[in-house]
There are 2 protein chains.
Amino acid sequence: MKRFMEPKSVAIIGSSRDTGEWSFNILEHLLTYGYQGKLYPVNPNASEILGLKSYASVSEITSDIDLAIISTPRVLTPQLVKECSKHGIHAITVIGQGFNDASDSQGKQLQKEIDDVIKNSQTRVLGPNTLGTANAYINFSSSFSKIRLEKNHIGLICQTGVFFVGFAEVALTGKGIDLGNACDINFVDGLEYFEQDAETKAVALHIEGTKDTSRLIDIAKRITPKKPLIVLKTGKGQQAARAAKSHTGSLTGSHEIWSTALKQAGVIQASDLEELIDLTRAFSILPLMKNQKVGVATISGGLGIITLDGCQNSGLEIGKLSPETQEKIEAISPQWLKVGNPVDFWPTVMASPTPMESLIGILETLLADRKLDAVMLIIGSFNEKWDTALCQSLNGLATAHPDKPLTTCIYGPYGDEAIKGLQAAGKVAAYPTPERAIRALARLYEYSQLQNRL
Amino acid sequence: MKRFMEPKSVAIIGSSRDTGEWSFNILEHLLTYGYQGKLYPVNPNASEILGLKSYASVSEITSDIDLAIISTPRVLTPQLVKECSKHGIHAITVIGQGFNDASDSQGKQLQKEIDDVIKNSQTRVLGPNTLGTANAYINFSSSFSKIRLEKNHIGLICQTGVFFVGFAEVALTGKGIDLGNACDINFVDGLEYFEQDAETKAVALHIEGTKDTSRLIDIAKRITPKKPLIVLKTGKGQQAARAAKSHTGSLTGSHEIWSTALKQAGVIQASDLEELIDLTRAFSILPLMKNQKVGVATISGGLGIITLDGCQNSGLEIGKLSPETQEKIEAISPQWLKVGNPVDFWPTVMASPTPMESLIGILETLLADRKLDAVMLIIGSFNEKWDTALCQSLNGLATAHPDKPLTTCIYGPYGDEAIKGLQAAGKVAAYPTPERAIRALARLYEYSQLQNRL
């Protein structure tokens, strides 16, 4: 798997000479990312592409090649896989569609030809029907869509390119493997890589189906005590199962059996795409939550109440403040204010000559309270420029309290920008609603419980 | 209620001379919004504020005043309410906190004094503890936080200012009423206003609690056949109920009883804050969904499968394409592609010399298919500038098919920007995940069923 994830030299077979938006040129993207390994474009109709010497076939390349990316029409692919294998290339990513995902018999025939080449060889194939691999730490991706690479601590294994392209809140690559049709390289290979990988703190998995479920569950069981695995299993109903068959040729299996097996393996299951994104963000940057009690500082009493509703749904509790915390916050609040948890900080902060310092003081007090296991700030982003001083202070607080998760709910017309900025700083998780923040914290608690039981 | 919502002249009592970010100056905001009514600042220590003549008290103002906004420390408030009432002002918004929301007896005493003034008078009071009212159509809001006013078709009644400040995807004001402690003006008054209001297509309600639940349910029952009411009822558990008592002095009541009553009244219930935002956006811009069948065009087979999972959860179905639709899409697709619903449009569009036109053609075909009741496009936003041509085409399609909801799921690193742009154009609803889009469509179907039964 290392050749796919950390290639030092890459041949791009079927390298295009077109550039720009609709050309989907893998080589062009790699040059833009700043990939430092050796690149060998292969195209029989060109002698130079984007300033690099181009080859008529891989057999002309005399240097070692870690990874070959084949991006050609499907009918040419088996022959090219054969050439690569013969030339001693051990890792091949097949980008194209129309194999086991196709409805015709030719697709299955072409897949069989690939299978025959790699059987009993040292050559491994990723795909077909894939964006391949991505590794932000070496500025590498074989994706034909330009993707956002982000040096975060997320390892991703998926069966669709969507997860490579990523989402507004976060790029899931970190390091990523798109299995596509998974004719050879599969979840087990990916998990073995991430198990050992020092950069990866949490692994996100998008599973449509797999041939070897029991091996997947076995290795998951081995990894979950060490690293959190967050899974979105899709293809729940019969109609979805049929669609998965034609998407990646996968058999989805029974949802109930999957769910039970994943649970027994200690896997964190996301109920939908949004939860996968939310949980992955939380697990990749926050420490675990050791007990159930949350401390909340909120600008809005109304959102404080919504937070309580969220806790009720997710099995967390808003903890009672310790006497010292209570005292400290009362000392700086208007007398008429009933200080409790959630801490309704608006009247207190408004009464202060230095409102921002008061707010940070309240958060500091909550983080220091040994009766609280996580702290959440609820605040709005009211104008274009999210308060960078506050952002810095929050990161400082999180750094000073590395054993207690600090999370935020940021609403308001510019909330999305503020969330992205805070999240990218890599210390504080940020969500647009209290319920989503609480749901993520609840899973941090669940996972720490799981680790305690082991 | 008209005086609160459509005031032609406004006195601002306790009008501040400070300006800028931390001054929370209502008058300053009103001037920025471009409110065209008459403004009378009242402040005994100033003769002019922001270029306007300032008055020592309301009794000095000789012209008619539709609405007085009182923004002073709580102890001064009852006396000022009395002055206003005596001066013939029939609508008063009390901004300040520390009345029934306070923990001390003085707060309750001050509230009683206000109650005594308005009892048997023609004067109505909104608040205390409120941002008041907002009306984008006249560039008016009494909020001390600057809020985004948007001429959309949403009417809002809430018990916290958060909903005035709004969210990244949408400003819920349109027209808004923050009830705050709801000492006098309450949900019934707000609903009566929106029932008659031609600009309001959908009403969003955030309810912590109310004294007169049965009147609220009665009027809801009367309105729901005409306009959708979308409700987030908060304060579900005991801890939340206690918090609501100190937030707005509200009694939350039993969650089960509320839920049953709201259901019987034909109200659409949101399970959390995000769903309230999502449903309000859908109901304020989309036509209803007459039956259960969705047509999906997706760039990603994987997200197509996730959409099927969403349908299974929400009670919708991915419909079978009519023979004509099937034929039309097959005619422009690669032969190996199995065309079905979801329509996996990537191979088809990539095989076309004019990819964008092909995509619009597919959507047009789906919208014209009489066996489908809604259409959803799943696509990514891959770079900073969301495709404005596509955005325009989608709005054009929605305009040409006014009886069928067109919705989108837009993922990708710049998905959030694309969603805001499309949503703001006011024809196509846009969500970041397929499950959220499907959940919103499902409620459009449910509501049309409700209307059919009446």
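1. A crossing of two helices is called right-handed if the near helix is turned clockwise from the far one by less than a right angle, and left-handed if it is turned anticlockwise. In this predicted model, helix α14(B) passes helix α15(B) in a right-handed crossing, and the pair is a good place to begin reading the structure.

2. Two packed helices are described by the angle between their axes and the distance between the axes. For helix α14 (residues 355-368) and helix α15 (residues 388-400) of chain B, the angle is about 20 degrees and the axes lie 11 Å apart. Since angles under 35 degrees count as roughly parallel, α14(B) and α15(B) are therefore roughly parallel to each other. On the α14(B) side the contact is made by B:Met356, B:Ile360, B:Leu363, B:Glu364 and B:Leu367, while α15(B) brings B:Ala389, B:Leu390, B:Ser393 and B:Leu397. Sorted by class, this contact holds seven nonpolar residues, one polar residue and one charged residue.

3. Helix α14(B) also has a second partner to consider, helix α12 (residues 323-331) of chain B, and here the axes come within 9 Å and cross at roughly 175 degrees. Because an angle over 145 degrees counts as roughly antiparallel, α12(B) and α14(B) are described as roughly antiparallel to each other. The residues that meet are B:Thr325, B:Lys328 and B:Ile329 from α12(B) and B:Ile362, B:Thr365 and B:Leu366 from α14(B), and by class they comprise three nonpolar, two polar and one charged.

4. Turning to chain A, the chain is divided into domain 1, which covers 2-282, and domain 2, which covers 288-453, and the centres of these domains, taken over C-alpha atoms, are separated by 38 Å. Domain 1 of chain A gives 13 residues to the contact and domain 2 of chain A gives 15 residues. On the domain 1 side, helix α10 (residues 273-285) of chain A supplies the largest share, five residues, and the residues of that side divide into seven nonpolar, two polar and four charged.

5. The contact between the chains takes 65 residues of chain A and 65 residues of chain B. Several helices of chain A each supply at least two residues to its side, among them α4 (105-118), α8 (238-248), α10 and α17 (434-453), but the largest share, nine residues, comes from α11(A). By class, the side of chain A that touches chain B has 26 nonpolar, 27 polar and twelve charged residues.

6. How are the two copies related? A turn of 180 degrees, with a shift of 0.0 Å along the axis, lays chain A on chain B with an RMSD of 0.0 Å, and the copies are thus related as by a two-fold rotation axis. In chain A, the C-alpha nearest the axis belongs to A:Asp416, at 3.8 Å from it. The same surface serves both copies, as 100% of the contact residues of chain A recur in chain B.

7. Finally, some backbone details deserve a careful look, given that most residues other than glycine have a negative phi, and most peptide bonds are trans. A cis peptide bond joins A:Asn341 and A:Pro342, with omega about 0 degrees, and A:Pro342 lies in the loop between α12 (323-331) and β17 (343-344) of chain A. In chain B, the bond from B:Asn341 to B:Pro342 is likewise cis, with omega near 0 degrees. A:Phe24, although not a glycine, has a positive phi of about 50 degrees, and this residue lies in the loop between β1 (9-13) and α2 (26-33) of chain A.

How values were computed:
Residues are numbered from 1 along each chain as its sequence is written. Chains are lettered from A and ligands numbered from 1 in the order in which they are written. This is a predicted model: local features need pLDDT of at least 70, side-chain atom pairs count only at pLDDT 80 or more; totals for chains, interfaces and linings use all residues. Domain bounds come from an automatic or database domain assignment. Two residues are in contact if their C-beta atoms, placed from the backbone, lie within 7 Å. Helices (H or I, at least four residues) and strands (E, at least two) are DSSP runs, numbered from the N terminus. Ala, Val, Leu, Ile, Met, Phe, Trp, Tyr, Cys and Pro count as nonpolar, Asp, Glu, Lys and Arg as charged, and the others, Gly among them, as polar. Axes are lines fitted to C-alpha atoms, for helices over the stretch in contact, and angles run from 0 to 180 degrees between N-to-C directions. Angles under 35 degrees count as roughly parallel, over 145 as roughly antiparallel, 65 to 115 as roughly perpendicular and the rest as oblique. Copies are superposed by least squares on the C-alpha atoms of residues with pLDDT of at least 70 in both.
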